[in-house]
Amino acid sequence: MSRVSVVAGKERIETVTEALNKIREDIQPDRINDKSVFIKPNLVSVSRLLAVTHVDAVRAVIDFIQDFNPARIIIGEGTGDIFKAYENFGYDALAREYDNIQLIDVNNDDLSEIQLLTMTGEERAVSFSRTALDADFTISVARAKTHDHTKCTLVIKNMQGCIPRKEQVWAHGDSREYHEGPIPMSYKSNCILSRNIVTIAQKVKLNLGVIDGIEAMEGNGPGGGDPVDLGVVVASTDVVAAEAVMVEIMGFDHREVAH
């Protein structure tokens, strides 16, 4: 049976730490000891704090993981000007606090390929971070946000950012996103996106998910929504279970979230 830790709180570091400590025995130390850990935050913006994973959530995760003696911890993201985002949101300073942390730009990473479904029903090879695929232990740390295509974006969809920015659109099944009509095309694209989100999660094999809902986003997510004080953190080694729980906390029926 999967265990999901749910902790209410207002202080981010303390609440994330408590949530992780409640599932400490679910962590497999041999997967981390003297091995590589990949942490994927959601840094979809370079300027709006509400749209991104707060650095303190990642700091709490790193402090927790250091207890298991990883050889190195790599933080990676594939948004546009990622190093500007790292600087603006405190990730540069975070990396300087530890000897074994590296920040990478997925757009300039060594790349492998995964096959994603397209609008024509065929598959297309899309570049994907080799660092993420080769990591011994992978963690997704995300802010709880609504999303215009998938209802919500949490730890599973977050892994779409392991695709280089110029190719991420192909997760939607085409060379463009269908934000507005025709409705049948938008619906089909959203269904394909959900299928591709599952494919990505299966390829990466997430080992731990942490969802920060201390201050969440509602409305026009994932970038332009409004703040909501949800005041809760969810964590689990079963990322699907973690998402299902947070989706319900956010007020949705998890069965309506296609991925």
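Let me start with Gly224, which, in this predicted model, is partly exposed, with a relative accessible area of 45%. You will find Gly224 in the loop between strands E9 and E10, and, once its neighbours within four places in sequence are left aside, Gly224 is in contact with Arg48 and Met217. There is also a longer-range relation that you can check on the screen: Gly224 and Thr146 are 78 residues apart in sequence, while their C-alpha atoms are 9.9 Å apart in space.

Please stay with that loop for a moment, since the backbone there has a feature of its own. Pro222 also lies in the loop between strand E9, residues 208-218, and strand E10, residues 226-228, and the peptide bond that joins Gly221 and Pro222 is cis, with an omega of about 15°. As a general matter, most peptide bonds are trans, and most residues other than glycine have a negative phi.

That second point leads to another question: what is the phi of Asp34, which is not a glycine? For Asp34 the phi is positive, at about 60°, and the residue is found in the loop between H1 and strand E2, the strand that covers residues 36-41. Asp34 counts as exposed, because its relative accessibility is 60% and the cut-off for exposed is over 50%. Lys205 likewise has a positive phi of about 60° although it is not a glycine, and its place is in the loop between helix H6, residues 183-204, and strand E9. With a relative accessibility of 58%, Lys205 counts as exposed.

Let me now step back to the whole chain, so that these loops have a setting. The protein chain contains seven helices and 11 strands. Its radius of gyration is 17 Å, close to the 18 Å that the globule rule gives for 259 residues, and the chain is therefore as compact as a globular protein of that length. Taken along the principal axes, the C-alpha atoms fill a box of roughly 50 × 40 × 40 Å. Of the 259 residues, 57% are buried, and, if we consider the contacts with a separation of 6 or more, 70% of them are accounted for by residues 24 or more positions apart.

Next, the packing of two helices. In general, two packed helices are described by the angle between their axes and the distance between the axes. Here helix H1, residues 12-21, and helix H2, residues 55-66, pack at an angle of about 40°, and their axes are 8 Å apart. That angle makes H1 oblique to H2, because angles under 35 degrees would count as roughly parallel and those from 65 to 115 as roughly perpendicular. The crossing of H1 and H2 is right-handed. On the H1 side the contact is made by Arg12, Ile13, Val16, Thr17, Leu20 and Asn21, and on the H2 side by Asp56, Ala57, Arg59, Ala60, Val61 and Phe64. How do the residues of the contact of H1 with H2 divide into nonpolar, polar and charged? Seven of them are nonpolar, two are polar and three are charged.

I would like to finish with three further positions. Asp136 sits in the loop between helix H5, residues 130-134, and strand E7, residues 137-147, and at 30% relative accessibility Asp136 counts as partly exposed. Not counting residues up to four places away in sequence, Asp136 touches Arg31, Lys35, Ser36 and Asn207, and its C-alpha atom is separated by 9.7 Å from that of Asn33, a residue 103 positions away along the chain.

Is Gln160, in the second of these positions, buried or exposed? At 7% relative accessibility, Gln160 counts as buried, and it lies in the loop between strand E8, residues 151-153, and helix H6. Apart from residues up to four places away in sequence, Gln160 touches Gln168, Ala171, His172, Leu193 and Ile200. From Gln160 to Asp253 the separation is 93 residues in sequence and 23 Å in space, C-alpha to C-alpha.

The last position is Pro184, which is found in helix H6 and which is exposed, with a relative accessible area of 62%. Pro184 and Gly80 are 104 residues apart in sequence, and their C-alpha atoms are 30 Å apart in space.

Methods. Residues are numbered from 1 along each chain as its sequence is written. This is a predicted model: local features need pLDDT of at least 70, side-chain atom pairs count only at pLDDT 80 or more; totals for chains, interfaces and linings use all residues. Side-chain values use heavy atoms; hydrogens and water are left out. Axes are lines fitted to C-alpha atoms, for helices over the stretch in contact, and angles run from 0 to 180 degrees between N-to-C directions. Helices (H or I, at least four residues) and strands (E, at least two) are DSSP runs, numbered from the N terminus. Angles under 35 degrees count as roughly parallel, over 145 as roughly antiparallel, 65 to 115 as roughly perpendicular and the rest as oblique. A crossing is left-handed if the near helix is turned anticlockwise from the far one by less than a right angle, and right-handed if clockwise. Contact means heavy atoms within 4.5 Å. Ala, Val, Leu, Ile, Met, Phe, Trp, Tyr, Cys and Pro count as nonpolar, Asp, Glu, Lys and Arg as charged, and the others, Gly among them, as polar. The radius of gyration is taken over C-alpha atoms; the globule rule is 2.2 Å times the number of residues to the power 0.38. Buried means under 20% relative accessible area, exposed over 50%, partly exposed in between (1.4 Å probe, protein chains only).
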